[in-house]
Structure formats: structure tokens, C-alpha cells
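Trainee: Could we go through the terms used for this structure and check what backs each one?

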Amino acid sequence: MQDVIVVGAGPAGNNAALSLASQGYGVTVIDSRENIGEKLCTGLVGEECFRRYPIDPALVYREISAASVIAPSNDVVRFQTQYPVARVVNRVAYVKSFADKAREAGAQYLLGRRVVRLEQQNDRVSVVTDDGTTEARSLVLAAGFGSQLNRQLGLGEPSDYVVGVQSLVETEGVDEVEVYLGRDVAPGFFAWLVPTQPGYALAGLLVRKNAPERFADFVSARQAEGKITGPVDKPVCWGIPLRPLRKTYTDRVVVVGDAAGQVKPTTGGGIFYSLLASEIASGALHKALREDKLSANHLGDYQKQWKSLLSNELEVGYSARRVFEYLSDSHISSLIDQAGKNGFVSELAASPDVSFDWHSSMIGKIMGHPTLGGVLRLVNPLLARMAKPPEPGEFFPPEASSPEASMAETGTPV
Ligand SMILES: Cc1cc2nc3c(=O)[nH]c(=O)nc-3n(C[C@H](O)[C@H](O)[C@H](O)COP(=O)(O)OP(=O)(O)OC[C@H]3O[C@@H](n4cnc5c(N)ncnc54)[C@H](O)[C@@H]3O)c2cc1C
């Protein structure tokens, strides 16, 4: 019997396997895919993720230090940071690199096997695939979005999600990330062109309904502009959880990554949080395996720890996401217009609050902005509470820095 079975060889599962195998535990990873990491994803990772979990530089397509946001009015605001804040990486190779290291550390991989059932017993967990049964003292469930396996363990599912759709396209003149907003494009969410290798980009969008139709419209509009120039691969759709599971552990089991809903609700990015959570899960399992205390009571520490790291981000991010979903196109255009004025965009870009992975501080800054935050503060009390009052001289000259005064002067973008 193994010490640990990991179901799912995505970032979460591979990193957990790497960490546990490196500590000497017997680990088996099971995945229904033959090719590790080949799950729908854009491969954008923030600098902190990149530093903490490095990747061979040859697998980095781009460094990202600028992005253009295109408002429903077609106005464009360009964010430029002094240093790269993110990189576009070869996602498949990145995820596989964790698996390669886990194998070197002794983990076994069973690929092309779908797990159909999980059974918890007093002294073990049985994992039933279409090919047989494997047993271990414990289980890391890292099966990504939409897995039925969470439910089998009585852990339910993330209560909210969005659908992502994406395809590789040939492009002309798309050298920076472009983000498109508006009800006609991706109501409540956004669409993107993310350049990868020269002449290519990933085109995609997040949306609650009608993802393929929305995507076709988005591509046609970019073709008409001459940005997408070649044939477009068949788009692929997949879900992204927007809320975490209430409970991410049970007897002998911890749930990590998309399966646990550990995803930034603002952008749907989940690679970094999956890696962080799997590191925490491995630490908790290491202690529990060493002491042979694997009941839910002993594994609850995992949830406490990941929540103390990520909960604030997930809560604030989700509140901001919900507010954003309520905004009309004219609100959004007006906010973008305001953001482009008064140097706010450059200040934000230069501020230490800007991070590709930690958004709550940036959201606080936007909420503290006299005009930008004015309306949003009225809409959402949680975000209103965390609004950071501007420093004197920030955004506006000191005499006009009272949010109420500025709102009165400039009007709100309602
Ligand atoms: C369109 C789109 C774009 C995205 N872009 C980004 C981005 O740029 N940056 C970012 O950080 N995040 C992005 N994400 C999210 C990111 O891909 C996920 O958050 C991340 O992959 C989660 O990792 P994971 O290990 O939890 O799950 P996954 O990567 O989904 O891995 C789960 C694995 O479990 C396996 N599995 C599932 N069920 C079973 C079963 N029953 N038996 C055996 N194996 C099973 C699957 O085959 C899969 O390999 C994007 C998502 C989408 C949909």
C-alpha cells in the first residue's frame, strides 16, 4: 500500500506529489490524460509564481510588462510597468516539469486511467479506476474543475463558476496582452488576446453563458480589424470555479487546486494558488502521515493554513467580481476613461500594490480612488470597508483629495 495517491496530474497534483515524494513517501499519481498538463489554459503566471516555482527560460514565450484594456466605447487604456509582472509560459511543459521532478523523487505515474470511485476505509483509501484498484493511507484529490469525485466524498462542489473558451490563432501586430471588456464581448467578464510565439496568440474569453457563440463573435471582430489573420483552431471550453469549497478535507483526504476552488475570482487564474495550496496540503499530510493521525480532525489544519493565506484574496476578489458583473457598458467605459485620466493608471502601475497574483490591495486602491471607487463603494459594503483612503497628493492634489468632494466635483460615472 502506498502512503499517498494523488488524483490529477495538473499543477496542484504534481506539486503535491513532488513535495511528498521528496520527503520519502511512497506516492502514486493517477490521471485520465496520457499527456500531462494538456488542459485548457493560457499559461500566464505572475512574477512571484515564476520566482517561487521557476521554469526553464526556454519555455517562456513572453515577459509581460504592458497590457491594453479596451473599453466598450473602444477607448484604450494602456498599463505599463517598469518590470515584468507576469510571463506567458508553455503551460504543458511547465506542468510537466513538476511531474518530471516528482518522478525523479520517486513518484509513480499511472496515466490514461480515469478514477471512477473513491472509497474511504478505517485504515486506507481505495481508488478505483477503469483498470483496477489502488490503495493508500491517504489521498490528495487534485482532479480540477467539475470532478464528480468531490461529491462522492460528501464535499460538494464550488458554488459558482464561469466558462472559459480559448483557441490558438494567427495574428498580425499583436505584441502585447489585450483585454476586451463589455456586454457585447464577455458580459461581466473579459476577453483576451495573449501573444505567445511570434505571429501567434491565444484568443479567449470568460463568460457565464453561450461561450462558443460569444467566442465566434469575438474572433470575427478581431478578424475584421486585421488582428487575427489565419485560420482558427476549434475552440475548447472548460469551467473555472469562482468560489472555494466549504470543506477541503475529510478523513484521509485533502482537496487542492481547482477541485477546491482555489482560484483568483477576478481573472480565473489558478496555477499559482494551486501550487501554494498543494505545498500547504503536503505539509499537513506530512505531519499526519508521520504521526499516523489521518482523521478529518487532524487534516483540518490544512484548511486553516490555506485559508489564512488565500481567503482574504478570494473573498475580496469575488466581491469585486460581483460588482464588476453589475456594471453597465457605460459604467465600464466611464471607469476606464477616468482611470486613464489624472495619472491614476501610471500611479497604479508604479505602485507596489500591483501584483498579478494578489489583487486585494489593488482593489483597495481602486476603491479608495475618489471617482473610480465612489460608485463601487456604494454598491458593495465589503469593498467599501477595505477602500484605502488615498495618500495626500495621490490621484488628486491634496485639497481635492476628499473622496466626497471629488465625487461632487467630477460627478459619478453612473
Ligand atoms: C480558458 C482558461 C484559461 C486559463 N488561463 C490561466 C492562466 O493564464 N493562468 C492561470 O494561472 N490559470 C489559468 N487558468 C486556470 C488554470 O488552468 C487552473 O486553475 C489550473 O490548471 C488548476 O490546476 P489543478 O491542478 O487544480 O487542475 P487541472 O490542471 O485541471 O488538473 C486536473 C487533472 O486531473 C485529471 N482528472 C480529472 N478527473 C480525473 C479522474 N476522474 N481520473 C483521473 N484524472 C482526472 C485531469 O485530467 C487533469 O489533468 C485557465 C483556465 C481556463 C479554463
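Mentor: We will take a pair of helices and then a sheet, in a model that is predicted.

Trainee: Why are helix 6 and helix 7 called roughly antiparallel?

Mentor: The axes of helix 6 (residues 271-291) and helix 7 (residues 296-326) cross at roughly 160 degrees. Angles over 145 count as roughly antiparallel, and therefore the two helices get that name. Their axes come within 8 Å, and helix 6 passes helix 7 in a right-handed crossing.

Trainee: Which residues of helix 6 and helix 7 meet?

Mentor: From helix 6 they include Tyr273, Ile280 and Leu285, and from helix 7 they include Gln305, Trp306 and Glu313. The residues of this contact divide into 14 nonpolar, one polar and one charged. Tyr and Trp count as nonpolar and Glu as charged.

Trainee: What makes strand 6 and strand 16 edge strands?

Mentor: The open sheet has seven strands in the order 6-5-13-14-15-12-16. Strand 6 (76-80) and strand 16 (236-241) each pair on one side only. Neighbouring strands of the sheet are turned by 20 degrees against each other on average, direction ignored.

Trainee: How do you know that the pairing in this sheet is mixed?

Mentor: Strands of a sheet can pair either parallel or antiparallel. Strand 5 (residues 66-70) and strand 13 (residues 177-180) pair in the parallel sense over four bridges, with Val69 opposite Val179. Strand 12 and strand 15 pair in the antiparallel sense over eight bridges, and there Gly164 has Leu206 as its bridge partner. Both senses occur, and the pairing is mixed.

Trainee: What makes strand 14 and strand 15 count as paired?

Mentor: Two strands pair if there are at least two bridges between them. Strand 14 and strand 15 are joined by five bridges and run antiparallel, so they meet that cut-off. One of the bridges links Pro195 to Ala201 in strand 15. The two strands form a hairpin with four residues between them, and in the turn Gly199 has a positive phi of about 85 degrees.

Trainee: Why is strand 15 called mostly covered?

Mentor: Seven of the eight residues of strand 15 are buried. Buried means under 20% relative accessible area, so each of those seven falls below that limit.

Trainee: Which helix packs on the sheet, and which strands does it touch?

Mentor: Helix 5 (residues 211-224) does, touching strand 12 (161-170), strand 13, strand 14 (191-195), strand 15 (200-207) and strand 16. The direction of helix 5 makes about 140 degrees with that of strand 15.

Technical notes: Residues numbered from 1 in each chain as written. Predicted model: local features only at pLDDT ≥ 70, side-chain atom pairs only at ≥ 80, totals over all residues. Heavy atoms only, no water. Axes fitted to C-alpha atoms, helices over the stretch in contact; angles between N-to-C directions. Parallel < 35°, antiparallel > 145°, perpendicular 65-115°, else oblique. Left-handed = near helix turned anticlockwise from the far one by under 90°. Contact = heavy atoms within 4.5 Å. Buried < 20%, exposed > 50% of the residue type's maximum accessible area, 1.4 Å probe, protein only.
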